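Here are some exercises to help you find your way around a new structure. Try each task yourself, then follow the solution.

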There are 2 protein chains.
Amino acid sequence: MRFARIEHNDNPTYGIVSGDAGAEEIALITGDLFDGWDRSHNPAADPARLTGERLALADANLLVPVVPTTFYAAGLNYTDHVLEHARVNGREPNIPAKPDIGYRANNALIAHGQSIVKPSDSTEVFQYEGEIVAVIGKRIKHVSEAEALDCVFGYTIGNDVSERTWQNQDRTFWRSKNTDTFKPMGPWIETGIVTGADLDALETTVRLNGREVIRFPTNNMLFGIALYISTMSRYLTLQPGDVIWMGTEGHAENMVPGDVCEIEIDGIGMLRNAVVAE
Amino acid sequence: MRFARIEHNDNPTYGIVSGDAGAEEIALITGDLFDGWDRSHNPAADPARLTGERLALADANLLVPVVPTTFYAAGLNYTDHVLEHARVNGREPNIPAKPDIGYRANNALIAHGQSIVKPSDSTEVFQYEGEIVAVIGKRIKHVSEAEALDCVFGYTIGNDVSERTWQNQDRTFWRSKNTDTFKPMGPWIETGIVTGADLDALETTVRLNGREVIRFPTNNMLFGIALYISTMSRYLTLQPGDVIWMGTEGHAENMVPGDVCEIEIDGIGMLRNAVVAE
């Protein structure tokens with residue numbers, strides 16, 4: 001099942017997406033998406049929650065599917081990406097030895113279809129990173145790796161847009177990864193991916209102006225989603241709606257204003273954002 | 001004027017704090033603290049917003065004064081702290097050349113009076129950091145340094161609790177600075193500090209079990225609050241209620257379970273938290 005978040009009568013409202021690609025409809029529902037959720041029970045899917053209002057996806061003003069309390073990001077979590085990152089920077093590759101989670105910032109979030117704004121002082125090394133995003137479903141602490149995937153409400157897609165010059169120059173990732181519009185996320189949350197085998201079946205494809213620039217097995221991570229969640233929950237309370245961006249694979253190309261970047265994960269959907277100049 | 005946030009009838013509610021130290025009362029107000037705020041107009045201070053309910057501060061269940069959309073932290077922002085940090089780690093001091101903002105995480109926030117939980121596997125290098133915290137009052141982008149302080153709703157106090165071994169071991173600050181309870185913030189937001197001269201008059205004092213361990217001029221920063229806000233707002237949209245923790249000065253001592261840490265900034269208030277073992 002796919003849950004989208006849209007602006008409706010000036011309020012953020014969730015809806016259930018159905019229909020064929022290109023002709024989807026959204027059936028609006030009442031209330032909070034996560035309230036009372038458990039792997040075995042999803043109140044948001046209750047037909048009694050339907051308001052009866054339906055609209056065409058094409059007519060909807062899509063919002064980011066959730067604004068998290070804390071915005072987590074795994075960073076370096078695929079081998080070829082770590083090697084490529086080191087090569088470009090002329091450094092020895094430093095493969096992470098354990099799942100140390102990082103952070104991104106809510107100010108940078110934009111929805112599917114909104115524009116990535118390339119700052120006027122950005123250098124040409126301005127790149128996409130296609131990532132799967134786990135959306136936490138309930139308040140958790142101290143969960144085992146075996147229990148962890150059952151705490152995930154569903155999955156969406158993120159584009160961890162990065163200005164590499166700033167990434168190397170600054171003491172933190174504040175400009176390089178958290179400038180406004182640098183964190184497209186969406187288009188919706190897909191709840192049909194449940195097990196590790198479901199994750200293993202996924203493939204991530206990134207296209208720039210329709211041309212495929214990378215394709216990789218989504219779950220081919222250094223540290224998997226379950227291990228990240230379990231490790232994090234030893235110290236951190238995860239909240240409903242928290243998001244964990246799981247990192248990307250390989251080498252990225254530069255984007256320039258006018259480009260359109262599409263990140264597709266089969267079984268979840270496709271996140272499309274154009275690049276515009278500031 | 002001092003605005004506290006308390007739990008009242010199971011809801012977070014703001015109130016205005018008045019009265020002598022140790023005998024304060026809170027007069028509850030309706031609605032959102034930041035809605036319609038501008039330096040020249042503070043709707044939350046409108047007497048029409050008072051509900052008529054008053055309670056003793058001592059009887060109130062204080063909450064963190066705000067849960068930010070994005071939780072910013074300056075990190076290294078006082079010269080002696082940078083030098084001390086380098087000395088302890090046997091590194092050359094690396095004085096930041098520009099105000100690169102960093103991040104902390106909402107899961108770690110606790111209120112005045114709540115306990116800092118020292119994890120069972122924490123090492124002994126478990127320390128306080130007393131900081132002034134700027135609370136943003138309105139949505140801003142592209143503000144000049146001259147305009148920046150007029151975008152601050154008020155100030156509160158933060159304790160950037162840090163586990164130094166993890167700070168050195170991990171790829172990010174996730175455990176070292178963002179473990180649950182590692183970010184005490186409060187007790188309230190003080191709106192009476194308006195100008196740079198007001199900030200210059202402040203002094204931060206940290207006490208461990210009543211013993212003063214450090215005292216420093218609060219505003220003696222490498223990069224001031226106005227410069228940070230102006231620089232950040234070139235790239236980031238700041239939201240009402242966003243917080244910016246401004247860093248700390250000097251050397252910190254270790255804390256052990258049973259200790260009580262007090263951070264006082266004259267003119268703002270005093271943030272007190274005990275340390276307990278996990």
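**Exercise 1: How the copies meet**

Through which surface do the copies, chain B and chain A, meet?

*Solution.* Keep in mind that you are looking at a predicted model. Start by laying chain B on chain A: a turn of 180° and a shift of 0.0 Å along the axis do it, with an RMSD of 0.0 Å. That is how a two-fold axis relates things. Next, look at the interface residues of chain B: 100% of them are also interface residues in chain A, so the copies meet through the same surface.

**Exercise 2: Sizing up the interface**

Work out how many residues touch across the interface of chain B and chain A, and how much area is buried there.

*Solution.* Begin with the contacts: 39 residues of chain B touch 39 residues of chain A. Then take the area, where about 3000 Å² is buried between the two chains, and carbon and sulfur atoms give 48% of that. Now see who contributes: R171(B), W174(B) and Y235(B) supply 28% of the area that chain B buries against chain A, more than any other three residues.

Polar links come next. There are 30 residue pairs in polar contact between chain B and chain A, counting those with both residues at pLDDT 80 or more. On the chain B side, β7 (102–103), α3 (164–169), α4 (174–178) and α6 (225–233) each supply at least two residues that touch chain A. Sorted by class, that side of chain B has 15 nonpolar, 14 polar and 10 charged residues.

**Exercise 3: Salt bridges across the chains**

How many salt bridges cross the interface of chain B and chain A?

*Solution.* The search gives 8 salt bridges across this interface, while the whole structure has 44 over all chains. Let's pick out two of the crossing ones. E278(B) pairs with R234(A), with the closest N and O atoms 3.1 Å apart. R234(B) pairs with E278(A), and here too the closest N and O atoms are 3.1 Å apart. R234(B) sits in the loop between α6 and β17 (243–245) of chain B, and E278(A) in the segment after β19 (269–277) of chain A, so this pair joins two chains. As for accessibility, R234(B) is partly exposed at 21%, and E278(A) is partly exposed at 44%.

**Exercise 4: Salt bridges inside a chain**

Where in chain B do D38(B) and K138(B) lie?

*Solution.* First, the link: D38(B) and K138(B) form a salt bridge, with the closest N and O atoms 3.0 Å apart. D38(B) lies in the loop between β3 (25–29) and β4 (50–56), and K138(B) in the loop between β11 (130–136) and α2 (145–148), so to find the pair you look at distant parts of the chain, 100 residues apart. D38(B) is partly exposed, with a relative accessible area of 29%, and K138(B) is partly exposed as well, at 24%.

For another example in chain B, try E212(B) and R215(B), whose side chains meet in a salt bridge at 2.8 Å, N to O. E212(B) is partly exposed at 40%, and R215(B) is partly exposed at 46%. Over in chain A, salt bridges that share partners join R104(A), E129(A), D160(A), R164(A), K177(A) and K183(A) into one network.

**Exercise 5: Buried or exposed?**

Is S233(A) buried or exposed?

*Solution.* Find S233(A) in helix α6 (residues 225–233) of chain A. Its relative accessibility is 0%, so S233(A) counts as buried, the cut-off being under 20%. The side chain of S233(A) reaches the backbone nitrogen of V143(A) at 2.9 Å. Leaving aside neighbours within four places in sequence, S233(A) contacts K141(A), H142(A) and V143(A).

Now move to helix α1 (residues 79–88) of chain A, where H81(A), V82(A), E84(A) and A86(A) are buried. These buried residues pack against α3 (164–169) of chain A.

**Exercise 6: Backbone oddities**

Which peptide bond of chain A is described as cis, with omega near 5°?

*Solution.* It is the bond from G186(A) to P187(A), and P187(A) is in strand β14 (residues 183–190). Next, check phi at N9(A): the angle is positive, about 50°, although N9(A) is not a glycine. N9(A) lies in the loop between β1 (2–8) and β2 (11–18) of chain A, and N9(A) is exposed at 61%.

Notes
Residues numbered from 1 in each chain as written. Chains lettered and ligands numbered in written order. Predicted model: local features only at pLDDT ≥ 70, side-chain atom pairs only at ≥ 80, totals over all residues. Heavy atoms only, no water. Least-squares fit on C-alpha atoms with pLDDT ≥ 70 in both. Contact = heavy atoms within 4.5 Å. Buried area = accessible area lost by both parts, 1.4 Å probe. Salt bridge = Lys/Arg side-chain N within 4 Å of Asp/Glu carboxyl O. Polar contact = N/O pair within 3.5 Å; in protein donor to acceptor, adjacent residues only side chain to side chain. Helix = DSSP H or I, 4+ residues; strand = E, 2+ residues; numbered from the N terminus. Nonpolar A, V, L, I, M, F, W, Y, C, P; charged D, E, K, R; others polar. Buried < 20%, exposed > 50% of the residue type's maximum accessible area, 1.4 Å probe, protein only.
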